[in-house]
Amino acid sequence: SIITFVLVFQTMPPGDNCQNVLSFDGVNDYVRTSASYLFNNDFTFEAWVKRERLAVTEYIVATGKQSSGVMKSFELLFNSNNQIQILVDDNESSSFSIGEKLGWMHLAVAVKEGVDVFNPTTFTLYVNGDSATTVNIANNNTLRNENIDFGVGHTGVTPNLINPFAGQMDNVRMWNVLRTQTQINSNMSVV
């Protein structure tokens, strides 16, 4: 497995006494980086996440851009119904209810790049190592070879902070390979 980049901020699984986490105030804190090279193949995003608000839409991670009036995007967010939601190109989505949970949880999205309508791109969400929901997008090459930003804690799509995240994140990782459920489980607490 090759790691494209890894942002690691602690040496143990998160807990209440974490000292090296990313803290987001829900107002103007975020991380942004170029991500064009990530979306030409399979990839996996994972992080330990602790939110501080309920019933509020807030972005965990997102990337995308407007092109000819069409949104090309991948977004992972908490929606106002206390669900974790995967949103692709603003029209295909799947949600997983987590209820009123505010503690630490490990989230991973593994993306298998598709080639056509018969072999769709598959986005699989894992919550604490368990498969939670899947989104299939036919021939989703929308982010290929695009010059785009990758945002942590906000949409990443525009320079404006829309629905910023309030809480903490740790062990934020972006892999340029498809990670299996076994790999995610065996590695989610390892730095």
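Let's start with the rings: this predicted model holds 4 aromatic pairs. Take Phe24 and Phe165. Their ring centres are 5.7 Å apart and their planes meet at 75°, so the pair counts as edge-to-face. To get that label, planes have to be over 60 degrees apart. Phe24 belongs to strand S2 (residues 22–25), while Phe165 lies in the loop between strand S12 (149–152) and strand S13 (166–175), so this pair ties together parts of the chain that are 141 residues apart in sequence. Are these two residues buried or exposed? Both Phe24 and Phe165 are buried.

Now look at Phe74 and Phe123. Here the ring centres are 5.6 Å apart and the planes are at 20°, so this pair is stacked. The cut-off behind that word is planes under 30 degrees apart. Phe74 sits in strand S6 (residues 70–78) and Phe123 in strand S10, 49 residues apart, and the pair links distant parts of the chain. Phe74 is buried, and Phe123 is buried too.

Which residues do ring pairs link into a cluster? They are Phe24, Phe78 and Phe165. Phe78 has another partner as well: Arg51 lies over the face of its ring, 4.7 Å from the ring centre. You can find a similar arrangement at Trp175, where Arg179 lies over the face of the ring, at 4.0 Å from its centre.

Here are the two ring pairs described above, side by side.

| Ring pair | Centre distance | Plane angle | Type |
|---|---|---|---|
| Phe24 and Phe165 | 5.7 Å | 75° | edge-to-face |
| Phe74 and Phe123 | 5.6 Å | 20° | stacked |

Time to step back and look at the whole chain. It has 13 strands and 1 helix. Reading from the N terminus, the elements run β-β-β-β-β-β-β-β-β-β-β-β-β-α, with the helix at the end of the list. The chain counts 191 residues, and 49% of them are buried. Its exposed area is about 8,500 Å², and carbon and sulfur atoms supply 46% of that. What about contacts between residues at least 6 apart in sequence? Of these, 66% join residues at least 24 apart.

How confident is the predictor? The average pLDDT of the chain is 79, and 71% of the residues score at least 70. Residues 1–12 have a pLDDT below 50, although in the model this stretch has 39 contacts beyond near neighbours in sequence. Where pLDDT is low, the predicted coordinates should not be read in detail.

Next, zoom in on strand S9 (residues 105–112). How many of its 8 residues are buried? The count is 7, so you can call S9 mostly covered. S9 pairs with strand S4 (residues 43–51) through 7 bridges, and the two run antiparallel. To spot this pairing, find Phe43, which stands opposite Val111 in S9. S9 is also joined to strand S10 (residues 121–127), by 6 bridges and again antiparallel. There, Lys112 stands opposite Thr122 in S10.

Strand S10 is also home to Thr124. Why does Thr124 count as buried? Its relative accessible area is 12%, and buried means under 20%. Leaving aside residues up to four places away in sequence, Thr124 touches Ile86, Ala108, Val109, Ala110, Ser131, Thr133 and Thr134.

Just past that strand comes Asn128, found in the loop between S10 and strand S11 (130–137). With a relative accessible area of 32%, Asn128 is partly exposed. Its contacts, again not counting residues up to four places away in sequence, are Trp48, Lys101, Met105, His106, Asn185 and Met188. Asn128 and Trp104 are 24 residues apart in sequence, and their C-alpha atoms are 9.3 Å apart in space.

Finally, visit Asn20, in the loop between strand S1 (3–7) and S2. Asn20 is partly exposed, at 46% relative accessibility. How far apart are the C-alpha atoms of Asn20 and Asp170? They are separated by 7.7 Å, with their places 150 residues apart along the chain.

Key:
Residues numbered from 1 in each chain as written. Predicted model: local features only at pLDDT ≥ 70, side-chain atom pairs only at ≥ 80, totals over all residues. Heavy atoms only, no water. Helix = DSSP H or I, 4+ residues; strand = E, 2+ residues; numbered from the N terminus. Buried < 20%, exposed > 50% of the residue type's maximum accessible area, 1.4 Å probe, protein only. Contact = heavy atoms within 4.5 Å. Areas by Shrake-Rupley, 256 points an atom, 1.4 Å probe, with all protein chains shown as cover. pLDDT = per-residue confidence, 0-100. Pairing = 2+ DSSP bridges. Phe/Tyr/Trp six-rings, centres within 6.5 Å; stacked < 30°, edge-to-face > 60°. Lys NZ or Arg CZ within 6 Å of the ring centre and 35° of its normal.
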